[in-house]
Amino acid sequence: MKTKIVLIGIILFLKFSFIISQNNISEVLQSIEKKNSTLIALRKSAEAQMLKNKSGIYLSNPEIEFGYLWGKPELIGNRTDFSAMQTFDIPTISGMKNRLANKQNASVEMLLKAERVNILLDAKQLCLDLIYYNSILDELDKRLSHATRIADIYEKRLSEGDANMLDVNKAQLNLLNAQAELQRMEVERNAVLSKLIQLNGGDDIPFIDQHFEAILLPPSFDEWYAQAEQINPILSYVRQEVEVSKDFVRMSKAKRFPTFSAGFVSEKVVGETFQGIQVGITIPLWENKNQVTHAKASAQAAEARQVDGIQKFYMEMKNQYLRAIGLNEIAQNYRNLLNTSNSADLLQKALDAGEISLLNYLTEISLYYNTVNLALEAEKDFQKSVAELLAVEL
């Protein structure tokens with residue numbers, strides 16, 4: 001009968017566990033996205049890298065030469081030389097350089113998005129931890145009030161001769177345990193909040209949510225995965241790297257073509273002036289040796305990384321999806337159990353009426369408290385599992 005009282009009554013704390021959070025987690029993530037020092041540094045590094053990728057796509061610098069030569073004997077006079085030359089590639093290579101730089105910049109952006117997802121996922125996981133700690137602290141505060149009330153009652157009963165010292169000691173021990181657990185959870189919550197503040201650039205985040213938001217798993221894994229694969233920044237990056245490596249192969253082949261130079265040349269001596277144009281050609285006989293072979297090997301490596309990345313992502317998401325289903329089932333079982341009544345009040349009334357002893361009360365209430373704790377942990381684990389599964393959507 002006592003166990004039945006516990007099993008039918010654990011609704012007190014979690015009966016509203018699926019109302020929408022008072023502080024939307026998305027608002028916290030938006031703040032972190034703006035203020036996170038790592039993201040700020042990564043953005044600046046990405047901007048610098050994209051400028052660097054664009055720096056090698058233009059014509060080489062023009063070359064200007066001037067020479068003044070004194071003649072000897074003086075009768076032959078002095079000579080003045082001047083030349084201005086410009087080296088240029090064939091138009092095909094110039095176009096390739098520009099397209100390659102654009103693709104390299106796209107890769108940089110994808111890596112930045114991947115780092116952003118990782119940081120925001122960490123932040124969301126911390127938010128879910130805080131919701132758990134806030135909810136358990138609220139529950140522990142109520143438990144402390146109950147424990148204090150019971151300790152006071154038995155102190156009074158002892159003075160009236162209606163209780164013995166053993167019962168008083170039990171009540172005091174129960175009170176001490178409630179106080180210690182509350183303090184321990186406050187320490188844990190503050191540690192998590194400190195990490196979240198660090199992610200927010202050091203600015204405070206008054207996070208007071210106590211309830212998890214209701215979420216649903218994707219009904220079809222395959223349909224969801226088809227979309228997730230397209231928006232996953234890491235997979236987009238490895239796909240882009242394949243395109244970049246293919247452009248490198250084409251670029252390496254095109255570098256087999258000669259480069260040209262053209263310009264103006266002038267030579268002046270006493271009584272004579274020579275002016276005209278000068279053209280040149282550079283034949284790549286040895287400088288680019290093995291570059292095509294290296295580029296092809298790099299392209300094959302990029303394709304292998306793409307295949308490996310897709311396989312790993314699929315298996316990780318599939319396992320995470322199945323894990324989330326299992327955790328949701330556990331959490332749902334607790335939800336169904338907690339949708340009956342409040343056994344804490346029933347136990348309190350039974351104790352006050354003398355229907356159960358203090359020892360029995362403490363035993364039964366411990367079962368109740370432990371069940372509530374397990375329910376909260378199950379919900380937290382499910383929420384964090386889904387957050388990891390849906391991280392690509394952040």
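Leaving aside neighbours within four places in sequence, S107 is in contact with Y237, Q240, E241 and V244. The model in which these contacts occur is a predicted one. S107 itself is placed in helix α4, and its relative accessibility of 4% makes it count as buried, because the buried class covers values under 20%.

A second buried position is D167, which belongs to helix α5. The relative accessibility of D167 is 18%, so this residue also falls under the 20% limit for buried residues. Beyond the neighbours within four places in sequence, the contacts of D167 are Y154 and L358.

**Helix α2 and its two faces**

Helix α2 spans residues 25–35, and its buried members are I25, V28, L29, S31 and I32. Viewed down the axis of α2, these buried residues fall within an arc of 160°, so they line one face of the helix. An α-helix has 3.6 residues a turn, so residues three or four places apart point the same way. Which elements receive the buried residues of α2? They pack against α3 (37–54), α4 (91–160) and α5 (165–199). On the face of α2 turned away from the buried side, E27 and K34 are exposed.

**Salt bridges**

The structure holds 13 salt bridges. Three of them are set out below, with the N to O separation for each pair.

| Pair | N to O distance | Relative accessibility of each residue |
|---|---|---|
| E33 and R116 | 2.7 Å | E33 26%, R116 21% |
| E243 and K103 | 4.0 Å | E243 32%, K103 23% |
| D138 and K142 | 3.5 Å | D138 23%, K142 32% |

The salt bridge between E33 and R116 has its closest N and O atoms 2.7 Å apart. E33 lies in helix α2 and R116 in helix α4, so this pair ties together parts that are 83 residues apart in sequence. With a relative accessibility of 26%, E33 counts as partly exposed, and R116, at 21%, counts as partly exposed.

In the pair formed by E243 and K103, the side chains meet at 4.0 Å, N to O. Here E243 comes from helix α7 and K103 from helix α4, so the salt bridge ties together parts that are 140 residues apart in sequence. E243 is partly exposed at 32% relative accessibility, and K103 is partly exposed at 23%.

How many residues apart are D138 and K142 in helix α4? Four residues separate them, about one turn of the helix. The closest N and O atoms of their salt bridge are 3.5 Å apart. D138, at 23% relative accessibility, is partly exposed, and K142 is partly exposed with a relative accessible area of 32%. Elsewhere, salt bridges that share partners join K103, E243, D247 and R250 into one network.

**Pockets**

Rolling a probe the size of a water molecule over the atoms shows where empty space is left. The largest pocket has a volume of about 650 Å³. Its lining consists of 33 residues, and those nearest the centre of the pocket are K97, M251, K255, N288 and Q291. Two or more lining residues come from each of α3, α4, α7 (233–254) and α8 (291–337). By class, the lining of the largest pocket comprises 14 nonpolar, 12 polar and seven charged residues.

The second largest pocket contains about 430 Å³ of space. Which residues are the closest to the centre of the second largest pocket? They are I25, L29, K124, L390 and L394, out of 23 residues in the lining. At least two lining residues are supplied by each of α2, α4 and α10 (358–389). The lining of the second largest pocket divides into 13 nonpolar, five polar and five charged residues.

I25 and L29 link two parts of this account: both are among the buried residues of α2, and both are among the residues closest to the centre of the second largest pocket. Helix α4 likewise recurs: the buried residues of α2 pack against it, S107 lies in it, and it gives two or more residues to the lining of the largest pocket and at least two to that of the second largest.

Definitions and conventions. Residues are numbered from 1 along each chain as its sequence is written. This is a predicted model: local features need pLDDT of at least 70, side-chain atom pairs count only at pLDDT 80 or more; totals for chains, interfaces and linings use all residues. Side-chain values use heavy atoms; hydrogens and water are left out. Buried means under 20% relative accessible area, exposed over 50%, partly exposed in between (1.4 Å probe, protein chains only). The arc is that of the directions from the helix axis to the C-beta atoms. Contact means heavy atoms within 4.5 Å. On a 1 Å grid over the protein atoms alone, a cavity is a set of points where a 1.4 Å probe fits but cannot get out, and a pocket is an open set with protein on both sides within 12 Å along at least five of seven lines; lining residues have an atom within 4 Å of a point. Grid points are joined across faces, edges and corners, and a volume is the space filled by probe spheres set on the points. Ala, Val, Leu, Ile, Met, Phe, Trp, Tyr, Cys and Pro count as nonpolar, Asp, Glu, Lys and Arg as charged, and the others, Gly among them, as polar.
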